[in-house]
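Hello,

Here is the structure we talked about handing over. Please load it and read the notes below alongside it.

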Amino acid sequence: MSAPAVEVLGPETWDERTFVMVCGGPSVAHHLDEIRDRVAQPDKYLVACSNMTGGWLISQGFPATEPDQRQARAAARAAP
């Protein structure tokens with residue numbers, strides 16, 4: 001018995017912007033100006049982060065731009 005046929009998918013452009021993933025860690029504080037620069041150019045960069053990092057960025061004055069503001073408030077509560 002052979003395995004069922006599987007469609008092979010190729011690369012596909014979903015968004016033309018450069019994806020920027022901000023992760024937590026001690027060095028993120030050294031890159032706040034760089035992150036602010038990317039956030040200020042939403043037509044060029046798509047900036048994303050995890051919940052804990054999102055809460056910390058909000059506490060550093062970054063705007064909460066998530067479609068669901070309840071998630072942004074939850075992330076802010078999770079920040080130390």
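What share of the 80 residues in the protein is buried? Buried residues account for 18% of them. Keep in mind that this is a predicted model.

**Fold.** The protein has three helices and two strands. Along the sequence they run β-α-β-α-α.

**Contacts.** Take the contacts in the protein with a separation of 6 or more. Of these, 69% join residues 24 or more positions apart.

**Core.** The largest nonpolar core holds eight residues. They are V20, V22, V28, L32, I35, Y45, L57 and F62. Two elements, β1 (18-22) and α1 (32-39), each supply at least two residues of this core. As a general point, nonpolar side chains in soluble globular proteins tend to be buried together.

**L32.** This core residue is worth a click. Leave out residues up to four places away in sequence, and L32 touches W56, L57, Q60 and F62. Of those partners, L57 and F62 are also listed in the core.

**Rings.** How many aromatic pairs does the structure hold? The count is zero. Y45 does have a charged partner, though: R38 lies over the face of its ring, at 4.9 Å from the ring centre. Y45 is also a member of the largest nonpolar core.

**Surface.** The accessible surface of the protein is about 6,400 Å². Carbon and sulfur atoms make up 56% of that surface.

Suggested viewing order: the core, then L32, then the R38 and Y45 contact over the ring face.

Best wishes

Notes: Residues numbered from 1 in each chain as written. Predicted model: local features only at pLDDT ≥ 70, side-chain atom pairs only at ≥ 80, totals over all residues. Heavy atoms only, no water. Core = buried A, V, L, I, M, F, W, Y, C linked by side-chain atoms within 4.5 Å. Buried < 20%, exposed > 50% of the residue type's maximum accessible area, 1.4 Å probe, protein only. Helix = DSSP H or I, 4+ residues; strand = E, 2+ residues; numbered from the N terminus. Contact = heavy atoms within 4.5 Å. Areas by Shrake-Rupley, 256 points an atom, 1.4 Å probe, with all protein chains shown as cover. Phe/Tyr/Trp six-rings, centres within 6.5 Å; stacked < 30°, edge-to-face > 60°. Lys NZ or Arg CZ within 6 Å of the ring centre and 35° of its normal.
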